[in-house]
Amino acid sequence: MQIRFTLSLMLLVLIALPVPKAEARARCSDFASQEDAQAYMQQQGATYLDGDKDGIACERLPRRSSTAASPLTLPQSIPTQAPAVTVTVVSVGDGDTLRVASQEQWITVRLACVDAPEMSQSPYGQAAAQRLKQLLPVGQSVTLQVVERDRYGRTVAQVYRDNLSINLQMVQEGQAVVYRQYLRGCPGLQTQLLQAENQARQQRLAFWSQANPVMPEVFRRSRQ
């Protein structure tokens with residue numbers, strides 16, 4: 001009888017205890033700025049905040065005031081011969097976007113003068129992203145030759161691993177195309193980029209293996 005009474009009492013206590021609620025997923029509306037959402041996504045792995053899978057979380061959120069601290073303090077446009085900046089690779093978003101660490105802050109970098117297939121341009125977008133991950137593994141030290149900051153707040157740059165131009169390498173392998181609209185940002189690399197693209201097309205490498213390849217820029221416009 002005593003044992004039955006004790007078990008009954010324990011059951012009542014357990015029933016009375018509050019049931020923990022499942023943690024709700026953060027939404028874009030929960031953040032004050034795009035930078036806050038970006039930091040949360042990177043720290044928590046909340047990739048669902050990046051709807052179009054371009055490595056940028058909650059793009060419609062306002063950005064912080066331009067007076068906020070920035071590790072590179074970039075203007076909208078800077079001289080071509082900008083000083084080189086050494087950073088460390090944190091992650092790769094797709095075939096032309098990566099995240100790097102500088103002064104204990106993370107920066108989104110867009111490869112200058114090249115354009116990789118979108119992730120939804122399967123399988124070429126995924127192949128380009130995978131190749132960039134191979135060229136720039138997490139923890140890899142790279143040098144940025146900064147060109148400008150784009151409208152999304154990304155640092156547009158030529159990226160070098162040792163003496164290897166990653167921008168040029170991606171074009172040589174057919175993993176990216178020359179972004180002619182912005183080619184002026186790489187004055188010392190223009191001829192090499194165009195020659196590399198022509199050779200990759202003739203050899204039908206990667207993206208150029210298609211019968212009728214749709215340029216990434218055209219593909220993006222068709223989706224808007």
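Mentor: Let's start with a rule: a residue is buried when its relative accessible area is under 20%, exposed when it is over 50%, and partly exposed in between (1.4 Å probe, protein chains only). The model is predicted, so local features need pLDDT of at least 70 and side-chain atom pairs count only at pLDDT 80 or more, while totals for chains, interfaces and linings use all residues. Residues are numbered from 1 along each chain as its sequence is written, and side-chain values use heavy atoms, with hydrogens and water left out.

Trainee: Why is Asp-162 called exposed?

Mentor: Its relative accessible area is 65%, and the cut-off for exposed is over 50%, so the label fits. You will find Asp-162 in the loop between β6 and β7 (164-165). Helices (H or I, at least four residues) and strands (E, at least two) are DSSP runs, numbered from the N terminus.

Trainee: What is notable about the phi of Asp-162?

Mentor: Phi is about 60°, a positive value, although Asp-162 is not a glycine. Most residues other than glycine have a negative phi, and most peptide bonds are trans. Cys-113 is another case, with a positive phi near 70°.

Trainee: Which peptide bond is cis, and how do you know that?

Mentor: The bond joining Ser-122 and Pro-123 is cis, with omega at about 5°. Pro-123 sits in the loop between β4 and α3.

Trainee: What makes Pro-137 partly exposed?

Mentor: Pro-137 has 34% relative accessibility, which falls between the 20% and 50% limits, so "partly exposed" is the right term. This residue lies in the loop between α3 and β5. The C-alpha atoms of Pro-137 and Val-90 are 8.2 Å apart, although 47 residues separate the two along the chain.

Trainee: How do you know that Cys-113 and Cys-186 form a disulfide?

Mentor: A disulfide is a pair of cysteine sulfur atoms within 2.5 Å. Here the sulfur atoms are 2.0 Å apart, and the rule gives a count of one disulfide. The link is right-handed, with 105° about the S-S bond.

Trainee: Which parts does this pair tie together?

Mentor: Cys-113 is in the loop between β3 and β4 (114-115), and Cys-186 is in the loop between β8 (177-178) and α5, so the pair ties together parts that are 73 residues apart in sequence. Both cysteines are buried. For Cys-113 the relative accessible area is 3%, and the limit for buried is under 20%.

Trainee: Why is Val-109 called buried?

Mentor: Val-109 has 0% relative accessibility, so it passes the same under 20% test. This valine belongs to strand β3. Contact means heavy atoms within 4.5 Å, and, not counting residues up to four places away in sequence, Val-109 touches residues including Leu-98, Leu-144, Ala-157 and Val-159.

Trainee: What makes a group of residues a nonpolar core?

Mentor: The members are buried Ala, Val, Leu, Ile, Met, Phe, Trp, Tyr and Cys residues, joined through side-chain atoms within 4.5 Å. The largest one here has 35 residues, and Leu-98, Val-109 and Leu-136 are among those with the most contacts inside it. Elements giving two or more residues to this core include β1 (84-94), β2 (97-102), α3 (124-135) and α5 (190-202). Apart from it lies another core, of seven residues, among them Met-41 and Cys-58. In soluble globular proteins, nonpolar side chains tend to be buried together.

Trainee: How do you know that the length of α3 agrees with what is expected?

Mentor: The expected span is 1.5 Å times one less than the number of residues. For the 12 residues of α3 that gives 16 Å, and its end C-alpha atoms are 16 Å apart, which agrees.

Trainee: Which residues of α3 are buried, and how are they placed around the axis?

Mentor: Gly-125, Ala-128, Ala-129, Leu-132 and Leu-135 are buried in α3. They cover an arc of only 125°, which puts them on the same side of α3; the arc is that of the directions from the helix axis to the C-beta atoms. The buried residues of α3 pack against β1, β2, β3, β6 and α4.

Trainee: How many helices and strands does the protein have, and how much of it is buried?

Mentor: The protein has six helices and eight strands, and 42% of its 224 residues count as buried.
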